[in-house]
Structures are given as C-alpha cells and as structure tokens.
Amino acid sequence: MIEKLPVVLSQDRAGRPEHEHLEKEILAGLEGRHDLKVTVLPHLYDLSQDGPGVQFLRSVEDDMVILTWLYPRSAFWVLDANGIHGSLGPTFSLTEEIDAAAAVGKRTMWCLDLRNESRAEPYLKEIDRIASLLVEPAAVASRAANGKPQFVEEAAEPRWYPVVDYSRCGGCLECLDFCHFGVFAAGEGGRPVVEHPDACRPGCPACSRICPQGAIMFPHHGDPAIAGDPELSLKNLKLDLSRLSQAADPRRIAESERKRAQEQGWDPTGSS
Ligand code: SF4
Ligand code: SF4
C-alpha cells in the first residue's frame, strides 16, 4: 500500500479547446484529494529524454496513473524507452494486462487514453478504483490534501520517432537493416534500440510496416494499426518489399508515406 497515488496528466500537444476542457475538468475533479499527488506534464511523446518531464517521471517509484492522448500501449513503451519501467495495468482503456516481460518492474503503470471518453467522470471513477486498490485507507483524511496540481514546465516541440514494443519484438533486426537514417542500433541481447530518434523522417512510418511482429509504433500516425492499437497492429501492416526494392530510395518512401497520409486527411508532420 502507498500513502498517495501519483497521477500524471500529459497534455495534448495541439491545444484543441475540447481537449483542454477535458483536461481542466479532470484536474478540477482531482483537486482536494488526500489520497492523490497530481502532476501535469507536456505531451509524453514530445518530452526530451533528459528534460524535466522525463526526470520527474523517473523520480516516481510507486505505481502511477498516467493519462495521455495516446494508446495505452504506446504510452507504456514511450515510458519504457525513457527508462521508466513497470507493468501495464488493466483499465477501461486496455482491458487485458500486457505481459511486458522485457520491461517488467516492481510497480504497475495504469495508462488511460484520454481519447476514450469526452467527459471527466469515467476517468475520475477509474482513478478512484485504482486508488482504492493501492492507497492505505487508514488516516487518509489526516494527510495534506492535494491542492493545485504541480506543473512541470518544458518547452516540448512535436517529435516523430519509432517506439518499440519489446513484448512483441523478436530481435530479427529487420528494422535496423531497413532504416537508412541510422535511427536504430543493436542493443543488449540483440534487440534494436532507438538510438537517434530525431533522425527519423517526419511523417514516415515505413519500418512499422515492415516489422513482422507489429512491434513498431508511431503514436501520432493517423492509422490506428501504426499508432498503437494492440489488435490492428497485428494485421495489414506489411509493405510489399518487392515494390519497395524497385524504388528503394528511403526519401521516396518517406515522401510517398506523407502523400498517403495527406490523402487521408491526416497531418503528415505529426504535429496534431
Ligand atoms: S523488425 Fe520488429 S521484430 Fe524485428 S527487431 Fe525490429 S522491432 Fe523487433
Ligand atoms: S520510419 Fe523510416 S526513417 Fe524512421 S526509423 Fe523507420 S525506417 Fe527509419
């Protein structure tokens, strides 16, 4: 049991009024709680690896709830890539616990997808449920109440880079061979690591399509299969490599991916 449950709200990057409204409603609903410690960060995916947002997250050792505008699976593996480890807890955003054996830690991270519901109430109820599992009930009222949330300031700019789900990755290193921009390197145990994330071509998710395990995510891609949907990511992702080899210039691949995204009405820069 813990004294207070850390709750982290990761803000939307685009500042859409309806999203800001939901964030404010949730924060208002969490104010004054004796059993929670609430912190607000810029968008999780955009945080710099050594910036104050990631440093704060690394400092949290207990179980935590994290609310993001991302699939829980994407949020979990973004956390993992930044050295913030644990198991992914089941919530209404993700009913089955993922066996994140590659990253398992002592604590659970409960990732809630802010795109699931437009009202604060379901999130507040879910946080209540999780707090009731974890927070020592005795003398809760005697603790200092949670007043205003703590805001961690960071000038986070929209980023674009692959996120690897190591519970799926089979270590074939096709992603490393395929990428012409040096984004991946071979890491411990022969698994790929995203060594130079910002070398990735904005708007291009090509390695996600070639990964045989559906293990590579681009959380802001318009296609749920690429953005982190657990089931769709196992279907229909393959690139036709024979076509690719005829036009294997990676810049052309990136360009055609951006064109495809524009045709589908999605912002290929990933800024929204
Ligand atoms: S292509 Fe996919 S399965 Fe193969 S090493 Fe890369 S992430 Fe892992
Ligand atoms: S999308 Fe393209 S540039 Fe980015 S990591 Fe994958 S293969 Fe490399």
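Ala, Val, Leu, Ile, Met, Phe, Trp, Tyr, Cys and Pro count here as nonpolar, Asp, Glu, Lys and Arg as charged, and the others, Gly among them, as polar. With that in hand, the shell around ligand 1 in this predicted model breaks down into 10 nonpolar, three polar and one charged residues. The shell is made up of 14 residues, and the closest of them are Cys169, Cys172, Glu174, Cys175 and Cys211. Since Cys goes into the nonpolar class, four of these names sit there because of the way the classes are drawn.

Ligand 2 has its own set of neighbours: Pro162, Phe178, Cys179, Phe181, Val183, Cys200, Arg201, Cys204, Pro205, Ala206 and Cys207. Sorted by class, that makes 10 nonpolar, no polar and one charged residues. The charged one is Arg201, because Arg is counted as charged and every other name in the shell falls in the nonpolar group.

Now for the chain as a whole. Nine helices and 10 strands make up its secondary structure. Of its 272 residues, 41% count as buried. Looking at contacts with a separation of 6 or more, 69% come from residues 24 or more positions apart.

Six of the strands come together as an open sheet, with parallel pairing and the order β4-β5-β3-β1-β2-β6. At the edges are β4 (87-88) and β6 (150-151), each of which pairs on one side only. The partner of β6 is β2 (residues 36-41), and the two are joined in the parallel sense over two bridges. At this junction, Val40 stands opposite Phe151 of β6.

Two helices can be placed against the sheet. Helix α1 (residues 17-30) lies across β1 (5-10), β2 and β3 (64-68), and runs at about 165° to β1. Helix α4 (residues 121-134) lies across β1, β2, β3 and β5 (108-113), and its angle to β1 is about 150°. Strands β1, β2 and β3 thus turn up in the list for α1 and again in the list for α4.

Then there is helix α3 (residues 72-81), which is mostly covered, with 10 of its 10 residues buried. The buried stretch begins with Pro72, Arg73, Ser74, Ala75 and Phe76, and carries on through Trp77, Val78, Leu79, Asp80 and Ala81. Charged side chains are part of this list too, namely Arg73 and Asp80. Just after α3, Gly83 takes a positive phi of about 80°.

Conventions
Residues are numbered from 1 along each chain as its sequence is written. Chains are lettered from A and ligands numbered from 1 in the order in which they are written. This is a predicted model: local features need pLDDT of at least 70, side-chain atom pairs count only at pLDDT 80 or more; totals for chains, interfaces and linings use all residues. Helices (H or I, at least four residues) and strands (E, at least two) are DSSP runs, numbered from the N terminus. A residue is buried if 20 or more other C-beta atoms lie within 10 Å of its own, exposed if 12 or fewer, and partly exposed in between; C-beta atoms are placed from the backbone. Two residues are in contact if their C-beta atoms, placed from the backbone, lie within 7 Å. A residue is near a molecule or strand if its C-beta atom, placed from the backbone, lies within 6 Å of it. Two strands pair if DSSP finds at least two bridges between them. Axes are lines fitted to C-alpha atoms, for helices over the stretch in contact, and angles run from 0 to 180 degrees between N-to-C directions.
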